Amino acid sequence: MTNRWGLIGASTIAREWVIGAIRATGGEVVSVMSSSPQRAATYASENGIGKAVSDLDALLADPDIDAVYISTTNELHRDQAIAAARAGKHILCEKPLAMTLEDAHRMRDAARSAGVVLATNHHLRNAASHIAMRDAVAAGRIGKPLSARVFHAVYLPTHLQGWRLDNPKAGGGVILDITVHDTDTLRFVLGQDPVEVTAFGQSGGLGKAGLEDAVMGVMRFADGLIAQFHDGFTTKYAETGFEVHGTEGSLIARNVMTQRPVGTVVLRDAQGEQTLPLDGRNLYETGLAAFHAAIAGRGSPAATAEDGIWSLATGLAVVEAARSGRAVTVETGL
């Protein structure tokens, strides 16, 4: 069965990554919605989409649509996802799921009540590098994990800046854009949850209206593991990285906090160093394949609504820690 999709938001990420991944995994994109009729029509024409609408109700009333991909600004996710669930559409929603935990829980509950799949588009857990790291940790190849480090400070391209840097009400700022990804990737690789965070935010001149454009901090996990993170929109020339250090070895990944299927993972232990094999699969295609399988009743999506709630709760705790200068407990309500 071909899953037919409607796009809620004529976004850059859909154009660059998600439309292709839907099609590559057997889906069809049949409609796109933008609040601007002209933008919707132009976007549909440029991306080979048959229908363009400017009203959410019109898209959700379309019987040709089985699932929706929500990539609007963050403050719109809640109402759009709840409406989609009530219309019986499966939902892949961009992170963060919502602006508040209460709203994220309402989205999850609406999907449960409607019997539809709600997934969070945390693409990084689909990277071959992070899957290899997760498998190595689970197999005990580095012993007991003690610490981790994530370097996810990049330069936000001009065409993506906009609301992320100048609109607090839309959930702008580096923490809800990038730190939530770190959280999800750490949870995926380590197999455990954060319980407390500390952080310092920075305004390096790119963010407007007092929004942080960089942040550094530490997460403490359930069994005592501590993880450093550095996220930024202002770092033009660095590479990204992810490390996990255990009692018997270390995993050192470079250039892996990215949408592209690139980077390396090295396992270093008493026997020396070995580079772990990676298959180079497209991250979004891996995620969409899992989503399509979940619609068919075969397993769960790569990142569930609960995963999205965890990353949002941690991101909100980091926001509060940076604001208050104190350690903040991560509370999900799950």
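## Exercises on a predicted model

**Exercise 1. What should helix H5 span, and which residues of H5 are buried?**

Solution, step by step:

- Start with the length. Helix H5 covers residues 101–114, which is 14 residues, and at 1.5 Å a residue the expected span is 20 Å. The C-alpha atoms at its ends are 20 Å apart, so expectation and model agree. Keep in mind that this model is predicted.
- Next, look for the buried residues. In H5 these are Asp103, Ala104, His105, Met107, Arg108, Ala110 and Ala111.
- A helpful idea here: an α-helix has 3.6 residues a turn, so residues three or four places apart point the same way.
- Now ask what they pack against. The partners of the buried H5 residues are helix H4 (77–86), strand E5 (90–93), strand E6 (118–120) and helix H10 (305–324).
- Finish just past the helix, where Gly115 has a positive phi of about 70°.

**Exercise 2. Is Ser250 buried or exposed, and which residues is Ser250 in contact with?**

Solution, step by step:

- Find the residue first: Ser250 sits in strand E12, residues 249–254.
- Check its accessibility. The relative accessible area of Ser250 is 15%, and buried means under 20%, so Ser250 is buried.
- List the contacts, leaving aside neighbours within four places in sequence: Ile142, Val244, His245, Val266, Leu267 and Arg268.
- Pick out His245, whose side chain joins that of Ser250 in a polar contact of 2.7 Å.

**Exercise 3. In which sense does strand E7 pair with E11, and how does E7 run with E10?**

Solution, step by step:

- Take E7 (residues 145–153) with E11 (residues 241–246): they pair in the antiparallel sense, over six bridges. For Arg149, the bridge partner in E11 is Glu243.
- Then take E7 with E10 (residues 226–232): these strands run parallel and are joined by seven bridges. Here Val150 has Phe229 of E10 as its bridge partner.

**Exercise 4. Which parts of the chain does the salt bridge of Asp66 and Arg4 tie together?**

Solution, step by step:

- Recall that side chains of opposite charge can pair when their charged atoms come close.
- Read off the distance: the salt bridge between Asp66 and Arg4 is 3.1 Å, N to O.
- Place both ends. Asp66 is in the loop between helix H3 (56–60) and strand E4 (67–70), while Arg4 is in strand E1 (residues 4–8), so the pair ties together parts 62 residues apart in sequence.
- Compare their surroundings: Asp66 counts as buried at 15% relative accessibility, whereas Arg4, at 27%, counts as partly exposed.

Key. Residues are numbered from 1 along each chain as its sequence is written. This is a predicted model: local features need pLDDT of at least 70, side-chain atom pairs count only at pLDDT 80 or more; totals for chains, interfaces and linings use all residues. Side-chain values use heavy atoms; hydrogens and water are left out. Helices (H or I, at least four residues) and strands (E, at least two) are DSSP runs, numbered from the N terminus. The expected span of a helix is 1.5 Å times one less than its number of residues. Buried means under 20% relative accessible area, exposed over 50%, partly exposed in between (1.4 Å probe, protein chains only). Contact means heavy atoms within 4.5 Å. A polar contact is a pair of N or O atoms within 3.5 Å; within protein, one must be able to donate a hydrogen and the other to accept it, and residues adjacent in sequence count only if both atoms are side-chain atoms. Two strands pair if DSSP finds at least two bridges between them. A salt bridge is a side-chain nitrogen of Lys or Arg within 4 Å of a carboxyl oxygen of Asp or Glu.
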